[in-house]
Amino acid sequence: MSPDKLVRMANQIAAFFDTQPGDAAEKIAAHLRDYWEPEMRARLVAHVAAGGEGLKPSVRAAVALI
């Protein structure tokens, strides 16, 4: 899966959880742990390590929790 698609998907998840009460980063991290394959999570972590271009701040915070 391309980094662009991962960014788009992660930002869509964040768009939802950013509007909910509570810690959005923790909810995003829980969603990623529960529903994303380990390889997808690893690619997202690598993308953040490379600068995380295009990711919402809440996704970057969530990646630190997974």
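## A salt bridge within helix 3

E39 and R43 both sit in helix 3, 4 residues apart, which is about one turn of the helix. Their side chains meet in a salt bridge, with 2.7 Å from N to O. R43 counts as partly exposed, at 38% relative accessibility. Please keep in mind as you read on that this is a predicted model.

How many salt bridges does the structure hold? There are 2 of them. Besides the E39 and R43 pair, R33 forms a salt bridge with E26, and here the closest N and O atoms are 3.0 Å apart. Both partners are partly exposed: R33 has a relative accessibility of 36%, and E26 has 34%.

## The fold as a whole

Stepping back to the chain, you will find 4 helices and 0 strands. Read from the N terminus on, the elements run α-α-α-α. The helices are helix 1 (3–17), helix 2 (24–35), helix 3 (38–49) and helix 4 (57–63).

What does the radius of gyration say about the chain? A compact globule of 66 residues would have a radius near 11 Å, and the chain has 10 Å, so the value agrees with that expectation. Along its principal axes, the C-alpha trace spans about 30 × 20 × 20 Å. Of the 66 residues, 35% count as buried. The chain exposes about 3900 Å², and carbon and sulfur atoms supply 55% of that area. As for contacts between residues at least 6 apart in sequence, 57% of them join residues at least 24 apart.

## The nonpolar core

In soluble globular proteins, nonpolar side chains tend to be buried together. Here, the largest nonpolar core has 18 residues, and those with the most contacts inside it are I28, W36, L44 and V59. Helix 1, helix 2, helix 3 and helix 4 each supply at least two residues of this core. Which helix gives the most to this core? That is helix 1, with 6 residues.

W36 is a good place to start a tour of the core, being among the residues with the most contacts inside it. Leaving aside neighbours within four places in sequence, W36 is in contact with L6, M9, A10, I13, H31, R41 and L44. L44 is thus a contact of W36, and L44 is also listed among the residues with the most contacts inside the core.

## An aromatic pair

A pair of aromatic rings is described by the distance of the centres and the angle of the planes. The structure holds 1 such pair. F16 and F17 form it, in an edge-to-face arrangement with 5.0 Å centre to centre and 75 degrees between the planes. The planes count as edge-to-face because their angle is over 60 degrees.

Are F16 and F17 buried or exposed? F16 is partly exposed, with a relative accessible area of 47%, whereas F17 counts as buried at 16%. The cut-off for buried is under 20%, so F17 falls inside it and F16 does not.

## Helix 3 and its surroundings

H47 lies in helix 3 and counts as buried, at 19% relative accessibility. Which residues does H47 touch, not counting those up to four places away in sequence? The answer is P3, V7, G52, E53 and L55.

V45 also has its place in helix 3. With a relative accessible area of 36%, V45 is partly exposed. Not counting residues up to four places away in sequence, V45 touches V63 and I66. V45 and V63 are 18 residues apart in sequence, and their C-alpha atoms are 6.2 Å apart in space.

## Helix 4 meets A25

Finally, have a look at A61, which lies in helix 4 and counts as partly exposed at 35% relative accessibility. A61 and A25 are 36 residues apart along the chain, and their C-alpha atoms are separated by 5.6 Å.

Terms used:
Residues numbered from 1 in each chain as written. Predicted model: local features only at pLDDT ≥ 70, side-chain atom pairs only at ≥ 80, totals over all residues. Heavy atoms only, no water. Core = buried A, V, L, I, M, F, W, Y, C linked by side-chain atoms within 4.5 Å. Buried < 20%, exposed > 50% of the residue type's maximum accessible area, 1.4 Å probe, protein only. Contact = heavy atoms within 4.5 Å. Phe/Tyr/Trp six-rings, centres within 6.5 Å; stacked < 30°, edge-to-face > 60°. Rg over C-alpha atoms; globule rule 2.2 N^0.38 Å. Areas by Shrake-Rupley, 256 points an atom, 1.4 Å probe, with all protein chains shown as cover. Salt bridge = Lys/Arg side-chain N within 4 Å of Asp/Glu carboxyl O.
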